Amino acid sequence: MKNWDDEMDPEKKKYENIAVIWHPSLPEAIEEAEKMIIELKSGAYGSLTVSGWSVYDEQFLRRVSEGAIDLVITLGGDGTMLRTNKICAPHRVPVCGVNMGSFGFMMEFQSYQWKEMLPDLLAGNWRIEERMMLHVELHRHNREKLSWEVLNDAVVAHGSQIRPIRVHVTVSGNELTTYVADGLIVATATGSTAYAMAAGGPIMEPDLRNILIIPVAPHLSLDRGLLLDEKDVIEITATSNHEAIFSPDGAKGVILAPTDKIVISASKYSAQYIRLKERLFLSQFPAIYAEKSQRNPKRR
């Protein structure tokens with residue numbers, strides 16, 4: 001395990017251009033963001049340049065790409081954190097998450113904790129947890145090529161008809177198998193706690209640089225998850241008598257043609273998560289599941 005003290009970097013103390021980002025459909029996130037901006041501008045933490053935007057605001061994306069933001073604090077759920085990190089990762093801008101959602105696997109602290117955490121955050125008493133991302137390309141039958149940088153997962157699945165599809169997979173040029181399943185998930189360690197976990201996949205430490213393959217409801221085909229090296233390149237084609245779709249990081253599905261090919265490899269970018277305190281990643285799961293059980297007592 002990495003030593004916490006060895007990862008502390010005094011350069012972080014110089015970050016003075018702060019962006020506070022919120023999810024626009026969460027009124028409580030907007031309210032807390034407004035309070036946080038007032039606090040940051042109060043002068044209690046020195047001279048700071050503070051700005052606030054919705055996570056969907058194009059100006060936020062532009063300011064990050066211009067190098068005008070040193071550090072981002074995001075208020076929302078895991079989806080907000082996901083989008084913020086994908087904007088910030090190409091520019092190596094660190095992100096600290098304040099949980100205003102349900103689970104908050106990706107977030108650093110809860111909404112009621114932000115004020116007590118600000119002194120350490122602004123003093124640079126934190127480290128960066130780098131999280132691997134995936135570079136995903138869709139090579140279409142009409143020679144069009146689409147590409148994405150993905151933090152959670154890339155998914156091939158059946159469409160509106162609930163029937164299995166055939167998903168052929170090669171790994172670094174070697175034939176792996178053809179899955180007959182409801183779908184196939186290719187995930188990062190971050191994505192291992194999302195759809196992949198729901199499909200029965202393992203929970204991975206977040207800074208592991210591996211690629212995880214998990215079939216969804218496989219039928220008479222390989223039914224085990226595979227953990228691959230970050231240097232591996234995965235190629236996928238899907239065939240079906242009905243509809244097969246492809247979705248990167250939960251985006252709206254793209255209907256696949258039998259000749260379409262999906263190519264997945266490690267991204268050259270890594271998401272920069274701020275960690276204010278050392279803790280075992282798995283220690284958060286008992287609290288999360290206890291909260292879930294309280295909301296769904298019949299499922300205990």
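Which two side chains meet in a salt bridge at 2.9 Å, N to O? They are the side chains of glutamate 230 and arginine 209, and the legends below come back to this pair. Keep in mind as you look that this is a predicted model.

**Figure 1. The whole chain has seven helices and 17 strands.** Start here to get your bearings. Of the 300 residues in the chain, 48% are buried. The chain exposes about 14,700 Å², and carbon and sulfur atoms supply 49% of that area. Among contacts with a separation of 6 or more, 69% are between residues 24 or more positions apart.

**Figure 2. Six strands form an open sheet in the order S13-S12-S11-S8-S15-S16.** The pairing in this sheet is antiparallel. Its edge strands are S13 (226-229) and S16 (254-255), each of which pairs on one side only. As you trace the strands, it helps to remember a general point: in a regular strand, side chains alternate between the two faces of the sheet.

**Figure 3. Strand S8 (residues 153-158) is mostly covered, with six of its six residues buried.** Look for its two partners. With strand S11 (residues 183-187), S8 pairs in the antiparallel sense over five bridges. Here valine 156 stands opposite leucine 184, and alanine 157 has glycine 183 as its bridge partner. With strand S15 (residues 244-248), S8 again pairs in the antiparallel sense over five bridges. On that side, alanine 154 has proline 248 of S15 as its bridge partner.

**Figure 4. Two loop residues that are not glycine have a positive phi: alanine 217 and aspartate 249.** Alanine 217 sits in the loop between strand S12 (210-216) and S13, with phi near 50°. Its relative accessible area is 45%, so alanine 217 is partly exposed. Aspartate 249 belongs to the loop between S15 and S16 and has a phi of about 55°. Is aspartate 249 buried or exposed? Aspartate 249 counts as buried because its relative accessibility is 12%, and the cut-off for buried is under 20%.

**Figure 5. Helix H4 (residues 78-88) turns several buried residues towards its neighbours.** The buried ones are Thr80, Met81, Leu82, Thr84, Asn85, Ile87 and Cys88. They pack against strand S1 (17-22), helix H3 (58-65), strand S3 (71-76), strand S4 (95-99) and strand S17 (261-275).

**Figure 6. Tryptophan 53 and phenylalanine 60 form an aromatic pair.** The model has two aromatic pairs. In this one, the ring centres are 6.0 Å apart and the planes meet at 35°, so the pair is tilted. Both tryptophan 53 and phenylalanine 60 are buried.

**Figure 7. Arginine 131 lies over the face of tyrosine 273.** The distance from the ring centre is 4.1 Å. Arginine 131 also takes part in a network of salt bridges that links it with Glu108, Arg127, Glu129 and Arg275.

**Figure 8. Three of the salt bridges show how partners can sit in one helix or in separate parts of the chain.** The model has 16 salt bridges. Glutamate 32 pairs with lysine 35, and their closest N and O atoms are 3.5 Å apart. Both residues lie in helix H2 (residues 27-40), three residues apart, about one turn of the helix. Glutamate 32 counts as buried at 16% relative accessibility, while lysine 35 counts as partly exposed at 40%.

Now return to the opening pair, glutamate 230 and arginine 209. Glutamate 230 is in the loop between S13 and strand S14 (234-239) and arginine 209 in the loop between helix H6 (195-198) and S12, so this pair ties together parts that are 21 residues apart in sequence. Glutamate 230 is partly exposed at 26% relative accessibility, and arginine 209 is partly exposed at 29%.

The side chains of lysine 261 and glutamate 235 meet in another salt bridge, at 3.8 Å, N to O. Lysine 261 lies in strand S17 and glutamate 235 in strand S14, so the pair ties together parts that are 26 residues apart in sequence.

**Figure 9. Proline 119 is found in helix H5 (residues 114-123).** With 40% relative accessibility, proline 119 counts as partly exposed. Proline 119 and alanine 44 are 75 residues apart in sequence and 9.2 Å apart in space, C-alpha to C-alpha.

Key:
Residues are numbered from 1 along each chain as its sequence is written. This is a predicted model: local features need pLDDT of at least 70, side-chain atom pairs count only at pLDDT 80 or more; totals for chains, interfaces and linings use all residues. Side-chain values use heavy atoms; hydrogens and water are left out. Buried means under 20% relative accessible area, exposed over 50%, partly exposed in between (1.4 Å probe, protein chains only). Helices (H or I, at least four residues) and strands (E, at least two) are DSSP runs, numbered from the N terminus. Two strands pair if DSSP finds at least two bridges between them. Contact means heavy atoms within 4.5 Å. Accessible areas come from the Shrake-Rupley method with a 1.4 Å probe; for residues, only the protein chains shown count as cover. Rings of Phe, Tyr and Trp (its six-membered ring) pair if their centres lie within 6.5 Å; planes under 30 degrees apart count as stacked, over 60 as edge-to-face and the rest as tilted. A charge sits over a ring if NZ of Lys or CZ of Arg is within 6 Å of the ring centre and within 35 degrees of the ring normal. A salt bridge is a side-chain nitrogen of Lys or Arg within 4 Å of a carboxyl oxygen of Asp or Glu.
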